[in-house]
Each structure stands twice: as structure tokens, then as C-alpha cells.
Amino acid sequence: MLPYGRQSISDDDVAAVAEVLRSDWLTTGPAVTRFEDDLAAVAGNPAAVVTSGTAALHVAYAAAGVGPGQDVVVAPLTFVATASSAALHGANVIFADVSEDTGNLDPAAVEAALTPGTTVVAGVDYAGHPIDADPLRSLAHDAGAVLLEDAAHSIGGHWHGRPVGDLADLTTLSFFPTKNLTTAEGGAVVSPRADLLARARTFRNIGLVRDKAVQRFPDEGPWHQEVHEFGLNYRLPDLLAALGSSQLRRLGAFRARRAEIHTRYDAALADVAEVRTPVTRDGAEPAWHLYPLRVLDGRRRQLFEFLRERGIGVQVNYVPVYWHPVFADLGYRRGLCPNAETYYSQQLSLPLFPDLTDADVDRVADLVREFFGYPV
Ligand SMILES: *Cc1c(COP(=O)(O)O)cnc(C)c1O
């Protein structure tokens with residue numbers, strides 16, 4: 001089965017991990033600092049690495065001070081973690097609909113969803129296309145909230161010349177194997193705000209405070225560390241950080257190859273009236289993680305099964321978050337965000353990863369054409 005996403009591991013990646021295995025540090029050593037510096041260079045702001053994209057979201061909401069009863073406005077066309085990690089802090093999740101073309105959070109819908117209790121607006125760079133950051137940032141700030149960008153799909157992307165990582169108050173990344181670069185499991189929080197990043201670092205390290213200047217009991221002894229706010233252990237091991245730094249060196253090549261494949265699918269499917277190929281807004285330089293094809297004739301499921309039966313590992317990204325039973329049980333009803341639901345009903349992710357060959361791409365596109373009765 002041709003997968004829809006797959007890591008690309010080089011001999012350099014293997015050597016980088018092996019080197020750490022033979023060193024004094026397996027976790028939180030020099031490779032973590034190096035990876036954070038390398039990420040900051042790409043993302044335009046300081047980074048704190050953590051154990052997953054989900055952990056990054058949990059940490060980012062903690063850094064923003066999200067707590068019980070506060071409102072968090074979230075995009076529904078995403079992996080469940082964008083919303084569930086806020087719910088775990090006791091937040092009241094309010095879903096705002098997406099734009100029908102990009103599938104990204106719609107500023108007008110956010111404006112209508114904001115409340116006096118909103119502390120975070122969380123958008124998602126769906127498929128790798130950056131959010132409409134400028135209006136979203138203004139709306140969030142005018143409401144006294146921070147803008148969080150779930151950039152699990154989009155490291156290396158740009159919006160009007162600014163890198164993903166420099167568009168929002170908090171940006172979260174994922175380094176899961178199918179994403180644009182991998183550390184096996186891993187993620188990061190990026191922020192231009194020193195206060196938010198400091199809180200993120202503390203939460204990731206169990207809440208431990210080592211700085212004598214801010215300790216309540218600094219005279220306890222030189223060994224003393226104390227906890228002021230609860231946190232968790234979300235520390236990324238040195239082993240994985242070394243893999244991350246090694247992978248980052250190929251991010252430009254990964255991004256270029258992913259863009260090439262996108263263009264090849266676009267061209268191969270341009271005359272198929274039953275589908276819509278992905279949209280790129282003016283000013284966006286996406287870092288494509290997905291190729292989200294839209295099936296317009298109601299036969300998404302049939303096409304999914306047709307391709308799977310022929311060894312093509314297509315996926316659907318994503319079921320609207322509030323359709324998950326955990327949200328349905330809280331009273332969220334279908335129909336809440338019509339654009340997200342329509343997008344979901346049409347969406348099919350075609351295989352996309354750097355090591356995919358042109359012949360693979362052509363085979364997938366030809367099967368799509370065959371399904372709809374077009375010549376190949
Ligand atoms: C993958 C993903 C996450 C979670 O990342 P993990 O590293 O798998 O925990 C969060 N949000 C989005 C949009 C994702 O695609």
C-alpha cells in the first residue's frame with residue numbers, strides 16, 4: 001500500500017541519533033538546545049521543544065493561562081488535539097467556522113464567536129496553508145486574547161513574507177512521521193513573547209522553578225527547586241532532538257519536493273470537473289503537508305474505497321472536531337460549522353511525501369481520472 005504520508009530518513013539522520021546514544025546525555029542535553037536554536041532560525045522566534053504536537057498545544061494553552069470556564073475559539077477542521085488540549089485545561093471550546101476555500105479559520109466567524117471571556121483564538125494552518133494571520137491577530141488582541149496557530153502542518157511556510165512562527169503569539173509544531181519533518185514523536189512551541197515562552201518551558205518541566213530570584217523559599221538550600229503552578233513532563237529527549245536538527249537541514253528540499261508533487265497533481269487533475277484542487281491565497285507560500293482533493297459529486301467515499309482497493313493509501317482529514325463523541329456528549333450539535341462539514345464531506349488526502357516518485361503521483365492521478373471516466 002502506498003501510504004498517504006511517510007518520513008524520509010537519511011544516513012545522516014541515523015548517524016546523528018547514534019552519536020547522541022554514545023554521548024553522556026540521552027535527554028535534555030546539548031542536542032535539545034541546538035534543535036531549539038535551529039528551529040528558531042526557521043520559525044523566526046525562540047522555540048521550546050516538547051514530546052508531541054499534542055503536548056505543544058497543551059503547553060501553549062497553559063502558557064496562555066487557559067483555565068476552567070474560559071472561552072477558547074477553535075477551528076473545527078483539524079485533528080482533535082487542537083480542541084481537546086484546551087478542554088483538558090477546563091476551557092469552554094467555541095468552534096468558529098472555516099473559509100470554504102482554504103479550510104482555515106474565517107475571521108468573520110471568529111468575530112461572531114468572541115466573548116468577553118475569550119482568552120485564546122486558535123487557528124490551524126490546514127494542509128500547510130498559513131492562516132489569515134493579520135485580521136485574526138487584530139481580532140484576538142482587541143478582545144484581550146492571544147492568537148495561537150496550530151502549525152502542525154506548516155513549518156517552513158510563509159505568509160506575506162513572514163515565516164510560520166512569526167505570525168501568532170503562540171505557534172505549535174508537530175514532528176510526527178507524516179508531518180513536514182520528524183523526530184518520531186515530538187513538537188514545539190514558538191513565541192515572540194518571552195513571558196509566554198517562559199511559562200511554556202516551566203509547564204513542560206513539571207512546573208519546577210530553579211531560579212532563586214523567584215523562589216518562595218530560596219534559602220532552603222542549593223539543591224532546592226519548587227513548584228508554583230502544576231506542570232507535566234513533556235521534555236523531548238536529546239536522541240530525538242538530534243534527529244530533528246538533522247531533518248531540519250533538509251526542510252527546504254522537503255518543502256520543494258512537496259510543492260512539486262502538489263503542482264503535478266494540480267496539472268493532472270485540472271480538467272476533471274468532479275474535483276476541486278487545493279486553493280492558494282495571494283501572499284501564501286504554503287509548506288504542503290497534505291494534498292486535500294475535494295470531491296464535488298458526492299462520491300468521496302466511493303473514490304476512497306476505489307483507491308484503497310488499488311493500493312493507494314488515501315486518508316480523510318478531518319472529521320469536524322465537535323462530531324467526536326466526547327464533544328457531542330457535551331452538547332455540540334452537527335450543523336454548527338457548515339463550511340467545515342461541507343469541506344469534510346468532500347475531502348480526500350492523496351499521497352504526499354518527499355520520497356514519492358513522479359511515477360507514483362501519475363499512477364494516483366490516473367486512477368482518479370479513471371474513476372471519473374476521463375482518459376489517462
Ligand atoms: C498531527 C497534529 C497534531 C498533533 O500532533 P502529534 O505530534 O501527533 O501529537 C495537532 N494538530 C494538528 C493539526 C495535527 O495535524
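Hi everyone, let's start at Phe372, which is buried, with a relative accessible area of 9%. Please keep in mind that this is a predicted model. Right beside it in the sequence sits Phe371, and that residue is buried too, at 15% relative accessible area. How are the two rings of Phe371 and Phe372 arranged? Their centres are 4.9 Å apart and their planes stand at 90°, so we call the pair edge-to-face.

That pair is one of 12 aromatic pairs that turn up when the whole structure is searched. Let me show you another, Phe35 with Phe175. Here the ring centres lie 5.4 Å apart and the planes make an angle of 55°, so this pair counts as tilted. Where in the chain do the two partners come from? Phe35 belongs to helix H2, residues 30–43, while Phe175 is in the loop between strand E8 (170–174) and strand E9 (187–190). The two are 140 residues apart, so to speak from distant parts of the chain, and the pair links those parts. Are these two residues buried or exposed? Phe35 has 0% relative accessibility and counts as buried, and Phe175 is buried with a relative accessible area of 0%.

Staying with aromatics, there is also a cluster made up of Phe95, Tyr322, Phe327 and Tyr332. Phe95 takes us to some strands, as it is the bridge partner, in E3, of Val74. Strand E2 (residues 71–74) and strand E3 (residues 92–95) run parallel and are joined by four bridges. To get from E2 to E3, the chain passes through helix H4, residues 81–87, and this β-α-β crossover is right-handed.

Two arginines are worth a look on your screens. Arg294 has its charged end over the ring of Tyr343, 3.9 Å from the ring's centre. Arg334 lies over the face of Trp323, at 3.8 Å from the ring centre.

Now for another sheet. This one is open, has three strands in the order E7-E6-E13, and its pairing is antiparallel. Which strands are at the edges? They are strand E7 (162–163) and strand E13 (284–285), each of which pairs on one side only. Strand E6, residues 158–159, is joined to E13 by two bridges. If you want a residue to click on, try His158, whose bridge partner in E13 is Glu285.

A second histidine, His262, lies in helix H9, residues 251–269. With 3% relative accessibility, His262 counts as buried. What does His262 touch, once we set aside residues up to four places away in sequence? The list is Pro278, Trp288, Leu290, Tyr291, Pro292 and Leu352.

Last stop, Thr27. You'll find Thr27 in the loop between helix H1 (11–21) and H2. Thr27 is partly exposed, with a relative accessible area of 37%. Its side chain makes a polar contact of 3.5 Å with the side chain of Thr28. Leaving out neighbours within four places in sequence, Thr27 is in contact with Leu236, Pro237 and Asp238. Thr27 and Ala241 are 214 residues apart in sequence, yet their C-alpha atoms are 8.8 Å apart in space.

That's my tour, and I'm happy to go back to any of these spots with you. Thanks for listening!

Note on methods
Residues are numbered from 1 along each chain as its sequence is written. This is a predicted model: local features need pLDDT of at least 70, side-chain atom pairs count only at pLDDT 80 or more; totals for chains, interfaces and linings use all residues. Side-chain values use heavy atoms; hydrogens and water are left out. Two strands pair if DSSP finds at least two bridges between them. A crossover is right-handed if, with the strands pointing away from the viewer, the path from the first strand over the helix to the second runs clockwise. Rings of Phe, Tyr and Trp (its six-membered ring) pair if their centres lie within 6.5 Å; planes under 30 degrees apart count as stacked, over 60 as edge-to-face and the rest as tilted. Buried means under 20% relative accessible area, exposed over 50%, partly exposed in between (1.4 Å probe, protein chains only). A charge sits over a ring if NZ of Lys or CZ of Arg is within 6 Å of the ring centre and within 35 degrees of the ring normal. Contact means heavy atoms within 4.5 Å. A polar contact is a pair of N or O atoms within 3.5 Å; within protein, one must be able to donate a hydrogen and the other to accept it, and residues adjacent in sequence count only if both atoms are side-chain atoms.
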